[in-house]
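Colleague: Could you take me closely through one part of this predicted model, the paired strands and the packing around them? I would welcome one connected account.

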Amino acid sequence: EWADEIPDDEQLGQIARRNQVHVKDLARRIAGLREHLAKPDILELLSESSYHDPQWLPFESQVGAGDGCDIEVHNEYPFAIDWDGGLLNGTIDRLVLLRHEGTVVAADTIDFKTDQVEGQAEIDAKVEFYRGQLQAYRDAVKQLFGLDDNQVATRLAFLGPGRVVGV
């Protein structure tokens, strides 16, 4: 769930099997995970301690305020909402909810991308390409938790270059 304390490779393997991950190249995938976590922006994004730092929080205003909030993380968060006269359903890669006295006061919506991008121009082009997807996630999270725009952050995590970009 969080990268503040990373288990050793054997423990990661046990976690994978417990979660029904049965792949032939598990050791290579664990090495890939460690490679991603070696990138400061990715490690920071996946660390619970970051969400306790009001300066780090990705919201337009200090709606989450970090400390004093309970932090809840969900991976592969499914949703289905009424949207634009129809039904919108999907799965958010990572959803971090900040709760104050049990009420969700902010949400960080993260979508991981494995696109091979080099340089700011390519990243900017991919941000524009994925903007509609992230807007749909923002709309879903707002509807599900009764939040306003300034209470929902949407970010792309480009794993290759280790860059995290707000959308």
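Modeller: Asn75 stands opposite Arg94 in β2, and this pair belongs to an antiparallel arrangement in which 13 bridges join β1 to β2. Where the hairpin of these two strands turns, 2 residues lie between them, and Asp84 takes a positive phi near 55° there.

From β1 (70–83) and β2 (86–100) one can pass to the packing, since each of them supplies at least two residues of the largest nonpolar core, as do β3, α4 and β4 (152–158). That core has 24 residues, and those with the most contacts inside it are Ile92, Leu95, Val141, Phe145, Leu147 and Phe158; α4 gives the most to it, with 9 residues. Leu95 shows how such a residue is surrounded: leaving out residues up to four places away in sequence, its contacts include Val73, Tyr77, Ala107, Val141 and Phe145, and also the residues Glu72, His74, Asp108 and Thr109. A second core, separate from this one, has 21 residues, among them Trp2, Ile42, Ile71 and Ala106. In soluble globular proteins, nonpolar side chains tend to be buried together.

A charged-type side chain deserves the same care, and Asp115 is placed in the loop between β3 (103–113) and α4 (119–145). Asp115 counts as buried because its relative accessible area is 16%, under the 20% limit. Beyond its neighbours within four places in sequence, Asp115 is in contact with Lys126 and Tyr130, and the side chains of Asp115 and Lys126 are joined by a polar contact of 3.1 Å.

Conventions: Residues numbered from 1 in each chain as written. Predicted model: local features only at pLDDT ≥ 70, side-chain atom pairs only at ≥ 80, totals over all residues. Heavy atoms only, no water. Helix = DSSP H or I, 4+ residues; strand = E, 2+ residues; numbered from the N terminus. Buried < 20%, exposed > 50% of the residue type's maximum accessible area, 1.4 Å probe, protein only. Polar contact = N/O pair within 3.5 Å; in protein donor to acceptor, adjacent residues only side chain to side chain. Contact = heavy atoms within 4.5 Å. Core = buried A, V, L, I, M, F, W, Y, C linked by side-chain atoms within 4.5 Å. Pairing = 2+ DSSP bridges.
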